[in-house]
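Dear colleague,

Please find the structure below, handed over for your own work. My notes on what was found in it follow directly after.

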Amino acid sequence: MLSEQIEKMLSEQIKKEFESAYLYLEIADFYARRGYEGFCNWFHIQAREEQDHAMRFYKYLIANGAAVKFFAIQPSGKNFNNLSQRMEEAFFHEGFVTVSINKIYEQAAIEKDYRTQEFLNWFIHEQLEEEDSTQRMMERLRLIGGNPAGIFQLDCECATRRYENHSKD
């Protein structure tokens, strides 16, 4: 049985995962409106992965007899003017999510909730991957700068990315 604190933190994490998906759809829209279909694709996939993450938390709560609490999701309200700023926002947001997951893990450790710690191990590894991929994209955009040929090449590369569902059913 999960403690009230863990239940609350996991429900809040569901919100954060859906907020991540919402943010990534906002970023995808930013790129789409500028004709960067590849970057748009990259962020559509990011959004779907975040939705998968939210559902993993949801299913974990349900499987443990917990009541899921639902919270309103708001748009980020952030306004950026260039391609690399949007990627930087994604990178910093992934760091925010990592900190949140780590806090849940810390609470589970304090409570000796080994089941939740084991569940969160997948997310800890996933966040390493998420931070790494957004950091690499951010660094590549910085390196390219305003070079249209470089941006075009990276956009084409992003267009080849395909969604893989990693969620447990």
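At Leu120, helix 4 bends by about 30 degrees. Please bear in mind that this is a predicted model. Helix 4 covers residues 114–144, which is 31 residues, and its first and last C-alpha atoms lie 45 Å apart, close to the 45 Å expected at 1.5 Å a residue. Gly145 follows helix 4 and has a positive phi, near 65 degrees.

The preceding helix was examined in the same manner. Helix 3 has 28 residues, which at 1.5 Å a residue should span 40 Å; the distance of 42 Å between its end C-alpha atoms therefore agrees. Just after helix 3, the phi of Lys112 is positive as well, at about 55 degrees.

Turning to the packing, the largest nonpolar core contains 22 residues, and those touching the most other members are Tyr31, Phe39, Phe43 and Met87. Two or more residues each come from helix 1 (4–32), helix 2 (37–63), helix 3 (83–110), helix 4 and helix 5 (148–159). Helix 1 is the greatest contributor to this core, with seven residues.

Phe43 deserves a separate entry. Leaving aside residues up to four places away in sequence, Phe43 touches Tyr24, Ile27, Ala28, Tyr31, Met87 and Ala90. There is also a second, separate core, made up of 18 residues, among them Ile6, Ile14, Phe57 and Phe123.

With kind regards

Conventions
Residues are numbered from 1 along each chain as its sequence is written. This is a predicted model: local features need pLDDT of at least 70, side-chain atom pairs count only at pLDDT 80 or more; totals for chains, interfaces and linings use all residues. Side-chain values use heavy atoms; hydrogens and water are left out. Helices (H or I, at least four residues) and strands (E, at least two) are DSSP runs, numbered from the N terminus. The expected span of a helix is 1.5 Å times one less than its number of residues. The bend at a residue is the angle between axes fitted to the seven residues ending there and the seven starting there. A nonpolar core is a set of buried Ala, Val, Leu, Ile, Met, Phe, Trp, Tyr and Cys residues joined through side-chain atoms within 4.5 Å. Buried means under 20% relative accessible area, exposed over 50%, partly exposed in between (1.4 Å probe, protein chains only). Contact means heavy atoms within 4.5 Å.
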